[in-house]
Amino acid sequence: MSLRSVRAFAPASVGNIGVGFDLLGHAVDGPRDIARVARTAAPEVRIAAIRGDVAGMDALPLEAEANTAGRALLSLREALGLPYGFEVELGKGIPLGSGLGGSAASCVAALVAANALLDEPLPRQALYRFALDGESVSSGSRHGDNVAPMLLGGVVMATAERMYPLQAPDWLHAVVVHPDQVLETRRSRAVLAEPYPLHAVVEHSANLARFLLGLQRADAELIRDGLRDVLVEPRRAPLIPGFARVKQAALDHGALGASISGGGPSVFAWFASKEAAEAAAPAMRGAFAEAGYGARAWVTPVNAPRADVLPGT
């Protein structure tokens, strides 16, 4: 095989989509991570460099076992019994601790690049378990709501074993706002440890059912009725200064719903058109500014593109 080095990107993602904790996610056409992977004769995985302009990046490990990309490629090698190895260079473009899947993106970009170097590349579904292995290094658990939409694009349901792409109307757009805050995933998960009352679980299940039905039917009102997180958001919101203001700004501009992206502190809102999303984005950024935090905002189709090999590699 003549191809020995490949570059691939993985997009940011919105995990949970409010009502789908550890279950739903969608890709974001905005910040991204890039991985360059080379095939090597040595049967090992080596992280050669991590570059980018992301706060806290210096703390990312170069040891393959402790790095999300490295762990994913180690799992790939072990499962396939490959006689060769991989050298990886990572370009970080997704803020760390942002709730936008920064740790997941590194392992997905590396997997997509490495997969292109295999003599017989695997289908995306087969890459899922290796991505879960990589993501677990950072999050401490195996959940696919970030890696799955990165691998498939658009809106995805991620179970322990499989990824299920979900239909979503093309008119759906999201605003994703990342404030100048850092919220560690482990901290945001710790506040969820206490049990939930049964009535709240039932209400949340009803909202999830309405939301999924709304996607299937392309029904904006059903999506609006369902996009209400009564379980996770109330516990995590106090960890994000300015969250209530940002959510209200989105709703005031006609959002179908708004909530916390992944473990936070980023906030997302869904809109029934690109124009509505573009009109709301400055107000959502301004709401974080009122709370004393600068922020960046991206407007993205909910059906955003999946991770892929970059041209020219």
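Here a visitor and a guide talk through some salt bridges and one strand of a predicted model.

Visitor: What makes Glu89 and Arg51 a salt bridge?

Guide: Their side chains come to 3.1 Å, N to O. The cut-off is a side-chain nitrogen of Lys or Arg within 4 Å of a carboxyl oxygen of Asp or Glu, so the pair qualifies.

Visitor: Which parts does that pair tie together?

Guide: Glu89 belongs to strand 4 (residues 85-92) and Arg51 to strand 3 (residues 45-52), so the salt bridge ties together parts that are 38 residues apart in sequence. Arg51 and Glu89 are also linked with Arg36 in a network of salt bridges.

Visitor: Why is Glu89 called partly exposed?

Guide: Its relative accessible area is 22%. Buried means under 20% and exposed over 50%, so Glu89 falls in between. Arg51, at 46%, is partly exposed too, because that value also lies between the two limits.

Visitor: How do you know whether Arg71 and Glu78 are buried or exposed?

Guide: Set each value against the limits. Arg71 has 15% relative accessibility, and under 20% means buried, so Arg71 is buried. Glu78 has 52%, and over 50% means exposed, so Glu78 is exposed. These two residues form a salt bridge, with the closest N and O atoms 3.2 Å apart.

Visitor: What makes Glu221 and Arg224 a salt bridge, and where do they sit?

Guide: The N to O distance is 3.5 Å, which is within 4 Å, so the pair counts as a salt bridge. Both sit in helix 7 (residues 220-226), and being three residues apart, they are separated by about one helical turn. Glu221 is partly exposed at 44%, and Arg224 is partly exposed at 28%. A search of the whole structure gives 13 salt bridges.

Visitor: Why is strand 7 called mostly covered?

Guide: Strand 7 spans residues 173-179, and seven of its seven residues are buried. Buried means under 20% relative accessible area, so each of the seven is below that limit. His173, Val175, Val177 and Pro179 point one way, while Ala174, Val176 and His178 point the other way. Why the alternation? In a regular strand the side chains alternate between the two faces of the sheet.

Visitor: How do you know that strand 7 pairs with strand 9 and strand 10?

Guide: Pairing needs at least two bridges, and strand 7 has five with strand 9 (residues 267-271), so they pair, in the antiparallel sense. Val176 stands opposite Phe268 there. Seven bridges join strand 7 to strand 10 (residues 295-301), so that antiparallel pair qualifies too. Among its partners, Pro179 is bridged to Ala295.

Notes:
Residues are numbered from 1 along each chain as its sequence is written. This is a predicted model: local features need pLDDT of at least 70, side-chain atom pairs count only at pLDDT 80 or more; totals for chains, interfaces and linings use all residues. Side-chain values use heavy atoms; hydrogens and water are left out. Buried means under 20% relative accessible area, exposed over 50%, partly exposed in between (1.4 Å probe, protein chains only). Helices (H or I, at least four residues) and strands (E, at least two) are DSSP runs, numbered from the N terminus.
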